[in-house]
Amino acid sequence: MFSNILIYFVVIPLLMLAGLGLCRNIRQVRTVAVTGSIALIALSVVLLLDYLKLRAAGETAPMLFTGSWAWFAPLNIHLAVGVDGISVAMIILSSIIVFAGSFASWTINQAKEFFLWLILLSVGVFGFFISVDLFTMFMFYEVALIPMYLLIGVWGSGRKEYSAMKLTLMLMGGSAFLMLGLIGIYYHSAPAGEPLTWNILEIAQNNCISEGWQKFLFPMTFVGFGVLGAMFPFHTWSPDGHACAPTAVSMLHAGVLMKLGGYGCFRVAIYLMPYAAQELSWIFLILTGTSVVYGAFCACVKTDLKYINAYSSVSHCGLVLFAILMLNSTAMTGAIMQMLSHGLMTALFFALIGMIYGRTHTREITQMGGMMQIMPYLSVCYVIAGMASLGLPGLSGFVAEMTIFVGSFQAGMENYLAGQGSLRLVFTIIACCSIVITAVYILRVVGKLLFGKVYDEHHLQLTDATWWERLSTVTLILCVAAIGCFPNFFNHLIQTTFSPEIFRVLGM
């Protein structure tokens with residue numbers, strides 16, 4: 001079992017949990033957290049190199065490094081693992097944010113208990129991305145959600161109990177829809193007389209879900225995952241949860257956990273039920289297109305830094321789901337690049353907001369000003385994050401959003417010329433308007449927060465970033481710049497996912 005490299009993405013966090021249980025002081029806790037996060041980054045780099053080597057050698061299987069071990073035979077439940085280009089990209093993203101989050105939480109209170117829950121959350125995230133068994137995937141999905149309640153309720157700020165409960169109830173409601181959808185898929189996973197299966201690859205190969213059942217099950221699975229992706233109108237848990245969460249939790253939550261929604265929509269809802277995806281996508285295009293513009297407008301009127309970034313995340317994650325629903329390879333490639341881009345830049349945003357709040361004890365932009373002369377390093381980092389968010393060329397946001405809009409416009413024109421209506425084209429144009437709205441709220445915040453007159457004279461005594469804060473932010477900035485400067489590498493990694501099998505199933 002342990003010969004498969006993917007298993008170690010769950011084993012290492014479990015070893016970290018055991019190590020944290022033995023720690024007796026803050027120094028040991030930090031050592032375990034940093035050592036484990038470095039090991040995860042190293043393992044993800046090894047996985048990436050091995051994956052690219054196999055693809056270069058001509059391996060065309062939809063999933064690589066596959067393995068399956070029986071877990072509960074009566075229901076044919078297996079610990080089945082495997083990765084493609086999207087999975088590898090998400091694993092790399094997760095390991096980077098766990099590493100950066102460890103340093104961003106360097107001075108957290110009750111560090112041992114905090115990191116125990118944070119690492120348990122990462123167990124669920126890594127397990128979800130390596131799973132190809134629907135039951136196991138759902139189990140890891142729940143493992144990733146449950147720690148959020150305590151991480152926000154205990155270590156959060158503001159209305160933390162309300163926010164933690166709201167987040168938990170709404171995500172569990174989405175999980176209920178998702179569970180019903182997965183059970184329905186399981187009971188239509190194989191031809192009559194053959195054993196039922198939870199394995200995604202086997203279900204896609206059998207192609208036994210009828211068109212009628214697809215139309216019934218697709219909304220359940222898409223809404224189930226879409227709630228976690230902050231899809232309108234199920235997004236309201238996200239701003240409150242982000243606003244009250246501690247820094248590292250916001251980083252992991254917005255940077256990685258919300259990506260489970262987009263990944264699940266592609267991997268389960270669209271891949272396993274392509275007919276329903278074609279027939280019902282217009283409904284969810286309206287909802288996700290609304291998310292893109294609504295989230296951006298809400299960010300324009302907020303004055304709390306975390307709420308601004310939270311609504312920005314609603315907009316950017318809505319763009320991911322919007323692009324996936326276009327059902328062409330260009331838009332889907334852009335969606336995955338947007339998941340990477342948003343994961344990194346929103347983690348950077350939340351890290352910087354936490355660092356600024358730790359010094360000024362306020363997140364209100366109306367109560368701050370002139371930060372560029374007080375904290376030049378943190379201010380420059382904030383400008384870089386803002387430029388990535390509004391799509392400055394050379395940074396990750398530009399590459400991701402341009403790929404999405406090109407693919408979406410292509411899909412919209414094809415539908416329009418084929419006489420299938422102009423809905424996709426109209427909503428693509430509407431979504432493009434979010435670029436301008438994003439520029440408005442980013443430049444507004446930068447102007448009020450970093451420039452102008454110093455609001456409080458006591459702020460003149462504040463210090464700039466420490467070495468661990470610099471390490472955390474530099475790691476994320478380099479990754480944001482890498483995607484923007486070397487997009488072909490990431491495009492190639494993602495395109496390896498769209499094998500002939502994927503094109504056949506999606507009818508592309």
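**Figure 1. Leucine 327, a buried residue with a positive phi.** Leucine 327 counts as buried because its relative accessible area is 11%, in a model that is predicted. Its backbone is worth a pause: phi at leucine 327 is positive, about 60 degrees, although the residue is not a glycine. For orientation, most residues other than glycine have a negative phi, and most peptide bonds are trans. To find leucine 327, look in the loop between α13 (305-324) and α14.

**Figure 2. Histidine 361, an exposed residue with a positive phi.** Is histidine 361 buried or exposed? With a relative accessible area of 62%, histidine 361 is exposed. The phi of this histidine is positive, at about 60 degrees, and histidine 361 is not a glycine. You will find histidine 361 in the loop between α14 and α15 (371-374).

**Figure 3. A cis peptide bond before proline 233.** Here the view follows the backbone from phenylalanine 232 to proline 233, where the peptide bond is cis and omega is near 5 degrees. Proline 233 belongs to the loop between α8 and α9 (237-244).

**Figure 4. Phenylalanine 128 and phenylalanine 225, an edge-to-face pair.** The structure has 24 aromatic pairs in total. In the one shown, the ring centres of phenylalanine 128 and phenylalanine 225 are 6.2 Å apart and the planes meet at 65 degrees, so the pair is edge-to-face. The two rings connect distant parts of the chain, with phenylalanine 128 in helix α4 (residues 111-130) and phenylalanine 225 in helix α8 (residues 211-228), 97 residues apart. Phenylalanine 128 is buried, at 1% relative accessibility, and phenylalanine 225 is buried as well, at 2%. Both rings belong to one aromatic cluster, made up of Phe128, Phe129, Phe138, Tyr141, Phe225 and Tyr263.

**Figure 5. Tyrosine 186 and tryptophan 198, a stacked pair.** How are the rings of tyrosine 186 and tryptophan 198 arranged? Their planes are at 10 degrees and their centres 4.2 Å apart, so this pair is stacked. Distant parts of the chain are linked here too: tyrosine 186 is in helix α6 (residues 160-186), while tryptophan 198 is in the loop between α6 and α7 (200-206), twelve residues apart. Tyrosine 186 is buried, with a relative accessible area of 7%, and tryptophan 198 is buried at 6% relative accessibility.

**Figure 6. Two charged side chains over tyrosine rings.** The first close-up has arginine 159 over the face of tyrosine 162, at 4.1 Å from the ring centre. In the other, lysine 302 lies over the face of tyrosine 307, and the distance to the ring centre is 5.6 Å.

**Figure 7. The largest pocket and its lining.** Rolling a probe the size of a water molecule over the atoms shows where empty space is left. The largest pocket has a volume of about 640 Å³. Which residues lie nearest the centre of this pocket? Of the 26 lining residues, they are Thr107, Ile108, Thr247, Gly354 and Gly358. Two or more lining residues come from each of α3 (85-104), α10 (247-257), α14 (329-360) and α19 (467-485). Helix α14 gives the largest share, seven residues. By chemical type, the lining divides into 13 nonpolar, nine polar and four charged residues.

**Figure 8. Cysteines without a disulfide.** A disulfide is a covalent bond between the sulfur atoms of two cysteines. How many disulfides does the structure hold? The count is zero. Take cysteine 298 as an example: the closest cysteine sulfur, in cysteine 300, is 9.0 Å from its own sulfur, too far for a bond. The cut-off for a disulfide is within 2.5 Å. Cysteine 298 is buried, with a relative accessible area of 11%. Cysteine 23 is buried too, with a relative accessible area of 5%.

**Figure 9. Alanine 310 beside histidine 242.** This last view starts from alanine 310, in helix α13. Alanine 310 is buried, at 0% relative accessibility. Between its C-alpha atom and that of histidine 242 the separation is 6.1 Å, although the two residues are 68 residues apart along the chain.

Notes
Residues are numbered from 1 along each chain as its sequence is written. This is a predicted model: local features need pLDDT of at least 70, side-chain atom pairs count only at pLDDT 80 or more; totals for chains, interfaces and linings use all residues. Side-chain values use heavy atoms; hydrogens and water are left out. Rings of Phe, Tyr and Trp (its six-membered ring) pair if their centres lie within 6.5 Å; planes under 30 degrees apart count as stacked, over 60 as edge-to-face and the rest as tilted. Helices (H or I, at least four residues) and strands (E, at least two) are DSSP runs, numbered from the N terminus. Buried means under 20% relative accessible area, exposed over 50%, partly exposed in between (1.4 Å probe, protein chains only). A charge sits over a ring if NZ of Lys or CZ of Arg is within 6 Å of the ring centre and within 35 degrees of the ring normal. On a 1 Å grid over the protein atoms alone, a cavity is a set of points where a 1.4 Å probe fits but cannot get out, and a pocket is an open set with protein on both sides within 12 Å along at least five of seven lines; lining residues have an atom within 4 Å of a point. Grid points are joined across faces, edges and corners, and a volume is the space filled by probe spheres set on the points. Ala, Val, Leu, Ile, Met, Phe, Trp, Tyr, Cys and Pro count as nonpolar, Asp, Glu, Lys and Arg as charged, and the others, Gly among them, as polar.
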